Amino acid sequence: MAKLNFGGTEENVVTREEFPLSKAQDVLKNETVAVIGYGVQGPGQALNQKDNGINVIVGQRKNSKTWDKAIADGFVPGETLFEIEEALEKGTIICYLLSDAAQIELWPTVKKHLTPGKALYFSHGFGITFNEQTGIVPPADVDVFLVAPKGSGTSLRRMFLQGRGLNSSFAIFQDATGKAWERVIALGIAVGSGYLFETDFKKEVFSDLTGERGTLMGCIQGIFAAQYDVLRSNGHTPSEAFNETVEELTQSLMPLVAENGMDWMYANCSTTAQRGALDWWKKFRDATKPVFEELYNSVATGKESQRSIDSNSQPDYREKLNAELAELRDSELWQAGKTVRSLRPENQAVEA
Ligand SMILES: NC(=O)C1=CN([C@@H]2O[C@H](COP(=O)(O)OP(=O)(O)OC[C@H]3O[C@@H](n4cnc5c(N)ncnc54)[C@H](O)[C@@H]3O)[C@@H](O)[C@H]2O)C=CC1
Ligand SMILES: CC(=O)[C@](C)(O)C(=O)O
Ligand SMILES: [Mg+2]
Ligand SMILES: [Mg+2]
């Protein structure tokens, strides 16, 4: 494992150079990887493994939309696509990719099929870390590890098809066979990770829950809404407010941040903008830091996981979720965004 310097701290990282696909294929050549669940991570990870020449099967409930999706994606019933129990029985590595709440319900069935030497693979530290809430306690004679792609399963697949790779973290909770390390790294490469950085189950879930509630998803919508509202209430049009809050960020400025960091993005903006951004960023940091402290605490005390379990276990949770998503979609901000997106030249019909 390579040790790399991250801003002054040395960390373990595994790259494709160090652990090429051929090595992953060799480690996994006698394994049957059973991907249980075909929601968002399921398809990304299963298809990437299939394209990478890994012996992968999918376990999914028959007569479900995602069963049909798996068939449309090239999995064949009775050959590479099975009912969940059959896949659990055939798999030597069980990739447990149901939603975190659904993992609780199916756990007794999964456990039954975890015979000695098999491996239980997660893409999140949730089930194991919050085992008092989930009841997920694996037997001692199986390997237990995770590869957590740091992004949507949709991006994992898209980037793979573009010849790129999403980065993932990995962690080993239990090494029963003595082969957990090579198994987990091989899987990480096989699912399409660009590189893998080391963590543990607790750190993975604490940071992941914080990130998605924070800057990645929750906080960003919050600050978009706040700035948009202020512009609108001061008489700016929806198009102006949206362009100055979201469109410029996603289309112009964030790609520069992704490419070469924040200072590089600043350096490519006007001196006027630089002056203002440098003056204001610390004020925003100080204003939001207490909220982030509150958020981290809510994660670490198990409040966030319990809330996810409670709401996502309800039979009508999808309908409720869709109603909440519709509230966002139908808001003026995102309706304005729809029109703005349609005006991007690449989204306009080519004129004759
Ligand atoms: N969505 C994402 O891109 C990411 C997800 N993860 C983690 O990956 C794991 C899987 O998450 P997602 O792909 O988002 O899951 P998901 O919410 O898309 O659900 C996966 C599958 O579970 C099935 N399912 C739901 N309830 C079931 C039940 N009671 N019995 C049998 N099947 C049931 C659904 O049909 C679906 O095919 C989770 O641990 C999640 O935290 C990690 C990184 C990103
Ligand atoms: C995409 C991802 O990594 C998230 C936001 O943590 C998730 O979907 O759980
Ligand atoms: Mg997450
Ligand atoms: Mg995440």
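1. A crossing is called left-handed if the near helix is turned anticlockwise from the far one by less than a right angle, and right-handed if clockwise. In this predicted model, helix α2 passes α8 in a left-handed crossing. (Helices, H or I of at least four residues, and strands, E of at least two, are DSSP runs numbered from the N terminus.)

2. A word on ground rules: this is a predicted model, where local features need pLDDT of at least 70 and side-chain atom pairs count only at pLDDT 80 or more, while totals for chains, interfaces and linings use all residues. Residues are numbered from 1 along each chain as its sequence is written, chains are lettered from A and ligands numbered from 1 in the order in which they are written, and side-chain values use heavy atoms, with hydrogens and water left out.

3. Back to that first pair: α2 covers residues 41–51 and α8 residues 153–161, and their axes sit 7 Å apart at an angle of about 25°. (Axes are lines fitted to C-alpha atoms, for helices over the stretch in contact; angles run from 0 to 180 degrees between N-to-C directions.) That makes α2 roughly parallel to α8; angles under 35 degrees count as roughly parallel, over 145 as roughly antiparallel, 65 to 115 as roughly perpendicular and the rest as oblique.

4. Who touches whom here? From α2 come Q41, G44, Q45, L47, N48 and D51, and from α8 come G153, L156, R157 and F160; contact means heavy atoms within 4.5 Å. The residues of this α2 and α8 contact split into three nonpolar, five polar and two charged.

5. Now the metals. D208 (OD) and E212 (OE) are the protein donors of the magnesium ion (ligand 3), lying 2.0 to 2.1 Å from it. D208 coordinates both this ion and the magnesium ion (ligand 4), the two ions being 3.5 Å apart. (Donors are N, O and S atoms within 2.8 Å of the metal, or 3.2 Å for Na, K and Ca; water is not among the atoms, so sites may look incomplete.)

6. D208 and E212 are four residues apart in helix α10 (residues 201–213), so about one helical turn separates them. Beyond its neighbours within four places in sequence, D208 is in contact with H124 and K150. An unreviewed UniProt entry also places a "binding site" feature at D208 and E212.

7. Have a look at α17 (residues 332–342) as well: α12 (residues 238–260) packs against it at about 85°, with axes 9 Å apart, which makes α12 roughly perpendicular to α17. P238, F242, N243, V246 and E247 of α12 meet E332, L333, W334, A336, G337 and V340 of α17.

8. Helix α16 (residues 317–330) packs with α17 too, at about 65° with axes 4 Å apart. There, L328, R329 and D330 of α16 meet E332, W334 and Q335 of α17.

Methods: Nonpolar A, V, L, I, M, F, W, Y, C, P; charged D, E, K, R; others polar. UniProt positions renumbered as here; feature names shortened; annotations may be inferred.
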